[in-house]
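Visitor: I am new to this structure. Can you show me how to read it, feature by feature?

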Amino acid sequence: MAPPALKESPLPDTPISTVLLVIALHAEAAPLVADLRLTQDSQAVFPEGVPWVKYSGTYEGLNVHIVTPGKDGIHGCDPVGTVPASLLTFNSIQVLKPDLIINCGTAGGFQAKGAAIADVYLISETAFHDRRNSIPGYREYGVGALEATPVPKLISALQLKTGVLTTGDSLDHVPEDVVIMKANDATVKDMEGAAIAYVAHLLSVPLIMLKGVTDIVDSPAATDEEFLANLSLTAHAIQRTVSKALQFISGKKLSDL
Ligand code: ADE
């Protein structure tokens with residue numbers, strides 16, 4: 001059964017004016033902040049005390065905001081995973097009222113599905129692989145499959161590869177995850193995407209997801225080492241694709257994408 005599509009946007013189908021980019025890692029955001037010439041603004045748009053960071057500016061006539069979860073207040077690392085991503089996305093939608101969200105970042109890729117290092121995928125569908133629940137009616141809720149907003153013209157203009165994204169809160173995976181990732185028909189695996197899709201669906205905001213491959217999930221290589229070795233290369237590949245996507249989106253309505 002096909003997963004439910006993102007709800008129709010309640011916004012009129014007018015040219016897209018404000019785009020919100022949600023990015024988990026500073027290292028993924030940095031090349032885009034530089035290329036789009038965005039500036040970190042000190043305007044207090046987020047609740048007091050959160051470590052979240054916002055960069056804003058105009059690019060190709062679009063109002064562009066990049067938000068990241070900043071640095072974890074206890075551990076000092078970038079707050080990856082579904083909880084910070086959901087909270088940041090929910091609050092950013094309330095405050096910035098975007099016409100469109102783009103979630104971009106790194107992901108593991110499945111070579112059995114043709115993924116290679118530094119490929120950038122346009123995500124067609126998201127699902128979770130670590131929310132197991134055998135109680136009747138809860139299995140499908142746990143998987144939480146959602147179709148992404150359809151953007152066929154963007155895919156063909158940028159000649160993008162497409163695939164299903166599977167999300168879980170761990171960088172590695174256990175055998176139970178493998179079964180569900182396979183059932184999800186996943187091409188790429190990340191730690192935020194399905195949660196961001198849940199929030200976008202909840203608040204009826206169109207969502208595009210672009211994921212760049214830093215490591216191969218179905219290979220014996222150590223994921224952490226492969227990720228760190230390819231992070232910069234892939235972050236720049238994501239930057240080039242997102243910049244081109246914004247150029248394409250400029251002046252267009254959702255129905256033109
Ligand atoms: N981000 C980059 N590589 C990943 C992987 N293998 N799993 C989850 N998130 C990732």
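Guide: Let us start with a strand and its two sides. Both faces of β1 are covered: T18, L20 and V22 are buried on one side, and V19 and L21 are buried on the other. Keep in mind that this is a predicted model.

Visitor: What does "buried" stand for here?

Guide: A residue is buried if its relative accessible area is under 20%. In strand β1, residues 18-22, five of the five residues are buried, so the strand is largely enclosed by the rest of the structure.

Visitor: Which strands pair with β1?

Guide: Strands pair if at least two bridges are found between them. β1 pairs with β4, residues 62-68, over five bridges, in the parallel sense. β1 is also joined to β5, residues 100-109, by four bridges, and these two run parallel as well.

Visitor: Which residues are the bridge partners of L21 in β4 and of V19 in β5?

Guide: L21 has I66 as its bridge partner in β4. V19 has L100 in β5.

Visitor: Now a helix. Which residues of α1 are buried?

Guide: Helix α1 spans residues 26-35, and its buried residues are E28, A29, P31, L32 and V33. Next, look at what covers them. The cover includes β1, β3 (53-59), β4, β5 and α7.

Visitor: What follows α1?

Guide: R37 does, and its phi is positive, near 55 degrees.

Visitor: There is a ligand too. Which residues surround the ligand?

Guide: Read the shell around it as a list. T106, A107, G108, L171, K189, D190, M191, T214, D215, T223 and F227 surround the ligand. By type, the shell divides into four nonpolar, four polar and three charged residues.

Visitor: Which polar side-chain atoms lie within reach of a ligand nitrogen?

Guide: The cut-off for a polar contact is a pair of N or O atoms within 3.5 Å. A polar side-chain atom of K189 lies 2.8 Å from a ligand nitrogen. For T214 the distance to a nitrogen atom of the ligand is 3.5 Å. For D215 it is 2.6 Å, again from a polar side-chain atom to a ligand nitrogen.

Visitor: How much of the ligand does the protein bury?

Guide: Taken alone, the ligand exposes 260 Å², and the protein buries 95% of that.

Visitor: Which elements give two or more residues to the shell?

Guide: They are β5, β9 (186-190), β10 (207-216) and α7 (223-249). β5 gives the most, with three residues. Look back at β1 now: β5 is also one of its parallel neighbours, joined by four bridges.

Note on methods: Residues numbered from 1 in each chain as written. Predicted model: local features only at pLDDT ≥ 70, side-chain atom pairs only at ≥ 80, totals over all residues. Heavy atoms only, no water. Buried < 20%, exposed > 50% of the residue type's maximum accessible area, 1.4 Å probe, protein only. Near = heavy atom within 4 Å. Polar contact = N/O pair within 3.5 Å; in protein donor to acceptor, adjacent residues only side chain to side chain. Areas by Shrake-Rupley, 256 points an atom, 1.4 Å probe, with all protein chains shown as cover. Nonpolar A, V, L, I, M, F, W, Y, C, P; charged D, E, K, R; others polar. Contact = heavy atoms within 4.5 Å.
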